[in-house]
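Colleague: Could we go through this model together? I would like to begin with how its helices pack.

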Amino acid sequence: MARGRPPGSAFESSVLQRLREERRSTLDLRMDGAWLASLSKNIPDSIHQMRKRGTLRTLQRGRYLVASDPGAACPRLDDLDPVADAVLARLNIDYYISWHSALWHYGLLDQQSRRVYVAVTARKRPVTLGLASVRFVTVTARKFFGRTPAQEFEWPVWMASVEKALIDSFDRPRIAAPLPVIANALRIAHRDGLLDPERLVADAIRFGSPNLNRRLGFFMDLYDIPGVAPLALRLGRSYAVPLAPGGLPQEERLRVNRRWRVYEDPAIIGTALELK
């Protein structure tokens, strides 16, 4: 508490104590309404006083972040866990966190984004939370699989498995990371024992994208990750595809990898190897 500020109310003390006991840093008026009602007959006014004092910072209507420094001009959002929790804890549709957000969660990327990427099967508007945001990415029902409950957050949330996060990222690198970085994440996951190659290949086949199978198989070979044989049977009929989705026509001048039928872009491959 900043020096010279008057002490908070009994309501504020009780709220902060309960959140500390539950190891939480967010307050949700809808989810927490029952016990808040036992502390105050006028919850809106009590919350307003906490906001006025700077103890609570608004994330969204009815959702608040406990300020680590009540005197700060804005809440600290160095850790996006409470931000994601504030939205996902009361999301009433199926979802899972994937792409950049899941790779970061598993320690496969060095740089965190202030955007949380969430897979859903129906279109949903993004949510902005202070300096951060939650972007909902629509995927087809066929590709909506491979999620697992994550208990490390303030509320349990659905997270893509390591294998599915990598598959999603190879499929849509623009919302994950540059392709060499995704490839390096694959290497790290295998090196550190986080990856089940057999499950990765099975999930890739289930995903149903021959172009994805080509790119994934190429990088699994590049890093000597075993189990790629089933992918080589599901490459589609087209001649060759760029390593990165959306490649330019001049890539047709590049050498073609005969096994995986991808254009061997030296810039992508070189960068992926340099990251080792």
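**Helix packing and one helix face**

Modeller: In this predicted model, helix α1 (residues 10-21) packs with helix α3 (residues 43-53) at an angle of about 80 degrees, and their axes are 10 Å apart. That angle makes α1 roughly perpendicular to α3.

Colleague: Which residues of α1 and α3 make the contact?

Modeller: From α1, the contact is made by F11, E12, V15 and L16. From α3, S46, I47, M50 and R53 take part.

Colleague: And how many of them are nonpolar, polar or charged?

Modeller: By class, the contact of α1 with α3 has 5 nonpolar residues, 1 polar residue and 2 charged residues.

Colleague: Let us change topic to α8. Which residues of α8 are buried?

Modeller: Helix α8 covers residues 197-207, and its buried residues are P197, L200, V201, D203, A204 and F207. Seen down the axis of α8, these fall within an arc of 165 degrees, so they line one face of the helix.

Colleague: What about the other side of α8, buried or exposed?

Modeller: On that other side, E198 and R206 are exposed.

Colleague: What covers the buried residues of α8?

Modeller: The cover includes α6 (162-171), α7 (179-191), α9 (210-222) and α10 (229-232).

Colleague: What is found at the start of α8, and what just after α8?

Modeller: At the start, a side-chain oxygen of D196 comes to within 3.1 Å of the backbone nitrogen of E198. E198 is also one of the exposed residues of α8. Just after the helix, G208 adopts a positive phi of about 80 degrees.

How values were computed
Residues numbered from 1 in each chain as written. Predicted model: local features only at pLDDT ≥ 70, side-chain atom pairs only at ≥ 80, totals over all residues. Heavy atoms only, no water. Buried < 20%, exposed > 50% of the residue type's maximum accessible area, 1.4 Å probe, protein only. Helix = DSSP H or I, 4+ residues; strand = E, 2+ residues; numbered from the N terminus. Arc of directions from axis to C-beta. Contact = heavy atoms within 4.5 Å. Polar contact = N/O pair within 3.5 Å; in protein donor to acceptor, adjacent residues only side chain to side chain. Axes fitted to C-alpha atoms, helices over the stretch in contact; angles between N-to-C directions. Parallel < 35°, antiparallel > 145°, perpendicular 65-115°, else oblique. Nonpolar A, V, L, I, M, F, W, Y, C, P; charged D, E, K, R; others polar.
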